[in-house]
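The following exercises are to be worked with the sequence and the three-dimensional structure at hand. Each task is followed by a solution in steps.

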Amino acid sequence: MKTHMKDIPVLFRDAQSDPKSEALPLIWENRADFERKGNSAYLAVSALDTHSLDGLRSTLLSVGNTCLDCHQKYRKEKH
């Protein structure tokens with residue numbers, strides 16, 4: 001998961017031409033914000049504590065929140 005988060009800027013370097021892509025053009029119009037959100041997700045995943053259930057519970061919400069923050073702004077709504 002950490003590797004995928006780190007690759008976000010590379011994966012979205014070029015505008016998507018795939019008609020099935022869920023990426024909004026706003027990604028390339030607001031690149032700096034998109035990359036900041038991707039970095040926040042990477043940091044949240046890096047901080048996951050998987051050594052105990054309590055540790056996981058206390059760190060997992062941050063991962064979900066950073067993913068949702070980006071997806072709400074830069075991903076097409078599913079119908």
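Two residues are said to be in contact when they have heavy atoms within 4.5 Å. The model examined here is a predicted one.

**Exercise 1. Describe the surroundings of K37.**

Determine which element holds K37, whether K37 is buried or exposed, and which residues K37 touches beyond its sequence neighbours.

Step 1. K37 belongs to helix α4.

Step 2. The relative accessible area of K37 is 14%. Buried means under 20%, so K37 is classed as buried.

Step 3. When residues up to four places away in sequence are not counted, K37 touches D69, C70, K73 and Y74.

**Exercise 2. Describe the fold of the protein chain.**

State how many helices and strands the protein chain has, and in what order its elements run.

Step 1. The chain contains five helices and zero strands.

Step 2. Read from the N terminus, the order of elements is therefore α-α-α-α-α.

Step 3. Along the principal axes, the C-alpha atoms fill a box of roughly 40 × 25 × 20 Å.

Step 4. The chain has 79 residues, of which 24% are buried.

Step 5. Consider the contacts with a separation of 6 or more: 59% of them join residues 24 or more positions apart.

**Exercise 3. Analyse the largest nonpolar core.**

Identify the residues of the largest nonpolar core and the element that supplies the largest share.

Step 1. The core has twelve residues: M5, I8, A23, I27, F34, A41, Y42, A44, V45, V63, C70 and Y74.

Step 2. At least two of these residues come from each of α4 and α5. The largest share, five residues, is supplied by α4.

Step 3. One of the core residues is A41. Apart from its neighbours within four places in sequence, A41 is in contact with M5 and T66.

**Exercise 4. Explain the absence of a bond between C67 and C70.**

Why are C67 and C70 not joined?

Step 1. A disulfide is a covalent bond between the sulfur atoms of two cysteines. A search of the whole structure finds zero disulfides.

Step 2. The cysteine sulfur closest to that of C70 is in C67, at 8.2 Å. A disulfide requires sulfur atoms within 2.5 Å; the two residues are not joined because 8.2 Å is too far for a bond.

Step 3. The two residues also have their own accessibility classes. C67 is partly exposed, at 23% relative accessible area, whereas C70 is buried, at 13%.

**Exercise 5. Characterise the largest pocket.**

State how much space lies in the largest pocket, and which residues lie nearest its centre.

Step 1. The largest pocket holds about 300 Å³ of space.

Step 2. Its lining is made of 17 residues, and F12, F34, C70, H71 and R75 lie nearest the centre. The elements that give two or more residues to this lining are α4 (31–46) and α5 (53–74).

Step 3. By type, the lining residues comprise ten nonpolar, four polar and three charged.

**Exercise 6. Locate Q16.**

Determine where Q16 lies and which residues are in contact with Q16.

Step 1. Q16 lies in the loop between α2 (8–11) and α3 (26–29).

Step 2. With a relative accessibility of 35%, Q16 counts as partly exposed.

Step 3. Outside its neighbours within four places in sequence, Q16 is in contact with L11, S21, A23 and W28.

Step 4. Q16 and I27 are separated by eleven residues in sequence and by 9.9 Å in space, C-alpha to C-alpha.

Key. Residues are numbered from 1 along each chain as its sequence is written. This is a predicted model: local features need pLDDT of at least 70, side-chain atom pairs count only at pLDDT 80 or more; totals for chains, interfaces and linings use all residues. Side-chain values use heavy atoms; hydrogens and water are left out. On a 1 Å grid over the protein atoms alone, a cavity is a set of points where a 1.4 Å probe fits but cannot get out, and a pocket is an open set with protein on both sides within 12 Å along at least five of seven lines; lining residues have an atom within 4 Å of a point. Grid points are joined across faces, edges and corners, and a volume is the space filled by probe spheres set on the points. Helices (H or I, at least four residues) and strands (E, at least two) are DSSP runs, numbered from the N terminus. Ala, Val, Leu, Ile, Met, Phe, Trp, Tyr, Cys and Pro count as nonpolar, Asp, Glu, Lys and Arg as charged, and the others, Gly among them, as polar. Buried means under 20% relative accessible area, exposed over 50%, partly exposed in between (1.4 Å probe, protein chains only). A nonpolar core is a set of buried Ala, Val, Leu, Ile, Met, Phe, Trp, Tyr and Cys residues joined through side-chain atoms within 4.5 Å.
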